[in-house]
There are 2 protein chains.
Amino acid sequence: MTESEALAAFAALSQETRLRIVRLLVTAGPEGLAAGTIAAALDGAAASRVSFHLASLDRAGLIVARRDGRSILYSAAFPALADLVGFLMRDCCQGHPEVCTPAVAALDSCCSAREPGRD
Amino acid sequence: MTESEALAAFAALSQETRLRIVRLLVTAGPEGLAAGTIAAALDGAAASRVSFHLASLDRAGLIVARRDGRSILYSAAFPALADLVGFLMRDCCQGHPEVCTPAVAALDSCCSAREPGRD
DNA sequence: TCCTCATTTCAACGATTCTTGAAATGTGAC
DNA sequence: GTCACATTTCAAGAATCGTTGAAATGAGGA
C-alpha cells in the first residue's frame with residue numbers, strides 16, 4: 001500500500017454515502033450486493049448518485065465489482081481494507097510492538113483469504 | 001464512535017499533509033512532537049499551513065495537543081485511531097468472526113492504555 | 001518591561017467535489 | 001428483433017477545502 005493508495009482510500013471513506021456503502025458491504029460479506037439493492041438501502045438514493053460513488057470506491061480499490069445477469073454485484077475488498085489499517089497503524093506501539101503488531105497481522109490474514117472473484 | 005466522528009476522521013486522513021502528520025506522530029509514540037518539529041519534517045512546510053492541518057486533526061480527534069514551554073507538543077490519539085479501525089471493520093468476518101474480532105479488540109486494547117495527557 | 005521565539009488566526013484566491021436529470025449502454029425475456 | 005430492466009455516462013451548477021502571507025497571541029529570558 002503506497003501513500004497515494006492510502007490517500008485515495010481515505011478520501012473515498014470520507015464521504016457519507018460512500019462510508020455507508022463500504023460498511024454495508026463489509027457486513028454483507030463476500031457475496032456482495034447488487035447496485036440497486038445498495039441504492040434501496042440508502043434511503044432510495046438516485047441510481048446515478050450511487051453509481052458515481054460505487055465507481056469512486058472501485059477506483060480507490062475498496063470494493064470489487066462482478067456482473068451477475070442484469071445486475072452488478074459489489075463486494076468489499078477485504079484485503080485492501082486490512083492493508084489500509086496496517087498502513088495507518090504500522091509502528092504504532094513503540095516499545096510494546098508485541099501487542100499491536102500481531103493485531104495488525106491478524107486483521108490482515110483474517111481478510112486476505114476471504115475475497116471471492118478474480119484471483 | 002459515531003458515523004459523524006468517523007467521517008471527520010477519514011476526511012482528516014484524506015489529505016496528504018495530514019496523513020503524513022498522523023503517521024509521523026504514530027511512529028513518534030506517546031511523547032509527541034512540537035509543531036515546529038513537525039513542520040521541519042514536512043519539507044519545511046509553512047508554519048501556518050502545518051498549524052491549519054494540526055487544528056483540523058485535533059478537531060477530528062485524531063491528535064492531542066499539550067503545551068510544553070514555548071512549544072506545543074502534538075501526539076497521536078491512539079484510542080481514536082483504534083476506534084476508527086473498529087468502526088470500519090466491525091462485523092467484517094461473516095461466518096469467521098473468531099479471526100477478525102480478536103484482532104480488532106487487540107488493536108483497541110493495545111492503544112487504549114497508552115495515551116498521555118488529559119485523563 | 002522589552003524583546004524574541006513558537007505558534008495560531010485571518011482574509012482571499014484557486015481548485016476540487018457532490019448532486020441531479022437526461023441520455024446511453026448492456027443484458028435477458030418474449 | 002423488440003421490449004423492459006439495471007446500471008453507467010454525461011453536462012452543469014452549488015458548495016467545500018487548501019495554500020499563502022501578514023498580523024496577532026502567548027510564553028520565557030534579560
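Here is a short walk through the helix packing and the sheet of chain B in this predicted model.

Let's start with two helices of chain B: α2, which covers residues 16-28, and α4, which covers residues 47-59. Their axes lie 10 Å apart and meet at an angle of about 70°. Angles from 65 to 115 degrees count as roughly perpendicular, so α2(B) is roughly perpendicular to α4(B). The crossing of α2(B) with α4(B) is right-handed.

Which residues make this contact? On the α2(B) side you will find T17(B), R18(B), I21(B) and V22(B), while α4(B) brings in H53(B), L54(B), S56(B) and L57(B). By character, the contact residues of these two helices comprise four nonpolar, three polar and one charged.

Now turn to the sheet. As a reminder, strands of a sheet pair through backbone hydrogen bonds, in either a parallel or an antiparallel way. In chain B, three strands build an open sheet with antiparallel pairing, and their order is β1-β3-β2. At the edges sit β1 (33-34) and β2 (63-68) of chain B, each pairing on one side only. Strand β3 of chain B spans residues 71-76, and two bridges connect it to β1(B), the two strands running antiparallel. If you would like to locate this pairing on screen, look for L33(B), whose bridge partner in β3(B) is Y74(B).

Finally, α2(B) links the two parts of this tour. Besides its contact with α4(B), α2(B) packs on the sheet, where it touches β1, β2 and β3 of chain B. The direction of α2(B) makes about 85° with that of β3(B).

Technical notes:
Residues numbered from 1 in each chain as written. Chains lettered and ligands numbered in written order. Predicted model: local features only at pLDDT ≥ 70, side-chain atom pairs only at ≥ 80, totals over all residues. Axes fitted to C-alpha atoms, helices over the stretch in contact; angles between N-to-C directions. Helix = DSSP H or I, 4+ residues; strand = E, 2+ residues; numbered from the N terminus. Parallel < 35°, antiparallel > 145°, perpendicular 65-115°, else oblique. Left-handed = near helix turned anticlockwise from the far one by under 90°. Contact = placed C-beta atoms within 7 Å. Nonpolar A, V, L, I, M, F, W, Y, C, P; charged D, E, K, R; others polar. Pairing = 2+ DSSP bridges.
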